[in-house]
Amino acid sequence: MGEDRYFMIDLKKETERVVLVGVSTSGREDMESSLQELQELAATAGAETVGTVIQPRDQIHPGTYVGKGKIEEIKDLLWELDATGIICDDELSPAQMKNLQDELGVKVMDRTLVILDIFAARASTSEGKIQVELAQLRYRQTRLTGFGASMSRLGGGIGTRGPGEKKLEMDRRLIKSRIAALNRELADVKRHRDITREQRSRSHTPVAAIVGYTNAGKSTLLNTLTGADILAEDKLFATLDPTTRNLRLPSGQEILVTDTVGFIRKLPHHLIDAFRSTLEEAKYADLILHVVDVSNSRMDEQMYTVYETLAKLGVKDKTIITAFNKQDKVTEEEVIRDFRADYTVNISAKTGAGILKLLEVAESALRERKMEIEGLYSYADMPKIQQIRKYGELLEEDYREDGIFIRAYVPANLYGKVKLCYDR
């Protein structure tokens with residue numbers, strides 16, 4: 001009998017049904033657009049959106065996010081739609097989360113919690129897992145008293161991925177200790193990245209960093225350019241862990257191309273801090289490849305978010321090539337511009353259209369950072385010529401009786417090592 005009762009327990013996973021809540025204040029971006037993106041985030045995290053609520057206010061309510069009257073409206077809506085929780089479009093303070101939870105009696109989440117949950121599900125490498133756990137613990141550290149029963153890990157759902165049951169129930173002292181340990185691990189990762197960057201610098205190999213809004217097609221572009229064969233799905237934050245691959249340009253010059261974490265509006269500061277060493281790949285790159293999804297109606301807003309995030313990371317004075325991607329999804333021709341970019345190219349990373357043009361533009365952009373060198377090298381200078389071939393752009397190579405005539409563009413930091421005293 002006991003065994004029969006055991007097997008009758010329904011273990012199927014219930015899909016969370018959520019109501020999205022946003023506050024539209026004067027001067028803020030279009031709230032409907034923001035909630036549409038929040039709905040995509042919720043779906044990526046495994047929740048079904050059954051309703052939305054927008055309240056125009058001069059400012060967000062400091063205690064309950066929305067006003068008292070709107071809380072009653074949300075409460076009625078939750079009952080009518082049989083919803084299991086709400087997701088607010090901004091990061092809630094611990095007090096706001098607790099007060100809303102007390103008033104509504106359902107699970108209360110915010111945009112930051114959903115994004116952290118998606119990152120926890122996507123992280124695959126040890127570095128990615130460290131970064132995500134660190135961001136989650138920093139978020140939870142100030143909210144231990146606010147999670148309450150609704151955040152029990154036994155209930156599952158959004159916000160329950162990542163660190164295990166025991167970590168969620170740690171007191172502040174233990175969480176602080178765990179954060180310190182993760183910071184030490186992340187410091188080791190950062191030192192490794194710094195060493196790798198230093199080695200790249202010594203090798204004179206240019207680096208191009210691919211940046212862009214999440215789901216703009218960055219991973220698809222990296223696959224198309226280099227055959228990297230990394231995961232590329234039509235999902236938000238499909239890939240988290242950066243990948244670096246070699247790419248040979250049409251001239252024969254080799255460069256390194258590295259992918260970065262996708263950007264999104266209101267990217268949680270916990271994530272920016274935790275993923276800083278990864279995101280800073282763009283800071284140390286020679287070239288920025290900014291991928292834009294032209295089929296997205298929010299393209300202009302997304303470009304603004306990318307540049308805003310780059311500024312927060314201290315990325316400046318970089319040559320930027322904007323690749324207007326997903327041209328295969330656009331039916332009407334329209335003039336699109338990016339006034340912050342040095343170059344723009346129309347491409348489809350999926351079909352390969354415009355890729356050769358993109359490579360030619362990248363080559364031109366890198367050439368502007370080089371110095372022209374010309375001279376007759378003796379056959380004993382072959383090691384110098386090999387360096388020119390590998391790290392520079394060889395324009396002319398003529399074998400003569402008295403030596404090899406070379407005309408090329410080389411990186412400025414290599415010029416002094418390969419130049420001849422009788423360069424013309």
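Two residues are in contact when they have heavy atoms within 4.5 Å of each other. Keep that in mind for the exercises below, and remember that you're looking at a predicted model.

**Exercise 1. Getting an overview**

Task: Find how many helices and strands the protein chain has, and what share of its residues count as buried.

Solution:
- Start with the elements: the protein chain has 16 helices and 13 strands.
- Next, look at burial. Of the 424 residues, 51% count as buried.
- Now the surface: the accessible area of the protein chain is about 20500 Å², and 48% of that belongs to carbon and sulfur atoms.
- Finish with the contacts. Take those between residues at least 6 apart in sequence; 68% of them join residues at least 24 apart.

**Exercise 2. Helices H5 and H6**

Task: Work out how H5 is oriented relative to H6 and which residues make the contact.

Solution:
- Locate the two helices: H5 covers residues 111–122 and H6 covers residues 126–141.
- Read off the geometry. They pack at an angle of about 155°, and their axes are 9 Å apart.
- Angles over 145 degrees count as roughly antiparallel, so H5 is roughly antiparallel to H6.
- Add the handedness: H5 passes H6 in a left-handed crossing.
- List who meets whom. H5 brings Thr112, Leu113, Leu116, Phe119 and Ala120, while H6 brings Val132, Ala135, Gln136 and Tyr139.
- Sort these by class, and the contact of H5 with H6 has seven nonpolar, two polar and no charged residues.

**Exercise 3. Helices H3 and H4**

Task: Do the same for H3 and H4, and say how many charged residues their contact has.

Solution:
- H3 spans residues 68–81, and H4 spans residues 94–104.
- Their packing angle is about 55°, with the axes 10 Å apart.
- An angle of 35 to 65 degrees isn't parallel, perpendicular or antiparallel by the cut-offs, so H3 is oblique to H4.
- H3 passes H4 in a right-handed crossing.
- On the H3 side you'll find Lys68, Ile71, Ile74, Lys75 and Leu78, and they meet Leu100, Glu103 and Leu104 of H4.
- The class count for H3 with H4 is five nonpolar, no polar and three charged residues.

**Exercise 4. Helices H10 and H14**

Task: Decide how H10 and H14 are oriented to each other.

Solution:
- H10 runs over residues 218–226, and H14 over residues 355–367.
- They pack at about 85°, with their axes 11 Å apart.
- Angles from 65 to 115 degrees count as roughly perpendicular, so that's the word for H10 and H14.
- Leu221, Thr224 and Leu225 of H10 meet Ile355, Leu358 and Leu359 of H14.
- By class, the contact of H10 with H14 has five nonpolar, one polar and no charged residues.

**Exercise 5. Buried or exposed?**

Task: Use the relative accessible area to classify Lys70, Lys218 and Leu279, and then find what they touch.

Solution:
- The cut-off you need is this: buried means under 20% relative accessible area.
- Lys70 lies in helix H3. Its value is 15%, so Lys70 counts as buried. Leaving out residues up to four places away in sequence, Lys70 touches Val53, Ile54 and Gln55.
- Lys218 sits in helix H10 and has 7%, so Lys218 is buried. Among its contacts beyond four places in sequence are Ile210, Tyr213, Asp259 and Val291. Lys218 and His290 are 72 residues apart in sequence, with their C-alpha atoms 8.6 Å apart.
- Leu279 belongs to helix H12. At 2%, Leu279 is buried. Not counting residues up to four places away, Leu279 touches Val261, Phe263, Ile272 and Leu313. The C-alpha atoms of Leu279 and Pro242 are 8.9 Å apart, with their positions 37 residues apart along the chain.

**Exercise 6. Two positive phi angles**

Task: Find where Tyr65 and Lys266 lie, and classify how accessible they are.

Solution:
- Phi of Tyr65 is near 70°, a positive value in a residue other than glycine.
- Tyr65 lies in the loop between strand E2 and helix H3. With 1% relative accessibility, Tyr65 counts as buried.
- Phi of Lys266 is near 55°, also positive in a residue other than glycine.
- Lys266 is in the loop between strand E7 and helix H11. At 27% relative accessibility, Lys266 counts as partly exposed.

How values were computed:
Residues numbered from 1 in each chain as written. Predicted model: local features only at pLDDT ≥ 70, side-chain atom pairs only at ≥ 80, totals over all residues. Heavy atoms only, no water. Helix = DSSP H or I, 4+ residues; strand = E, 2+ residues; numbered from the N terminus. Buried < 20%, exposed > 50% of the residue type's maximum accessible area, 1.4 Å probe, protein only. Areas by Shrake-Rupley, 256 points an atom, 1.4 Å probe, with all protein chains shown as cover. Axes fitted to C-alpha atoms, helices over the stretch in contact; angles between N-to-C directions. Left-handed = near helix turned anticlockwise from the far one by under 90°. Nonpolar A, V, L, I, M, F, W, Y, C, P; charged D, E, K, R; others polar.
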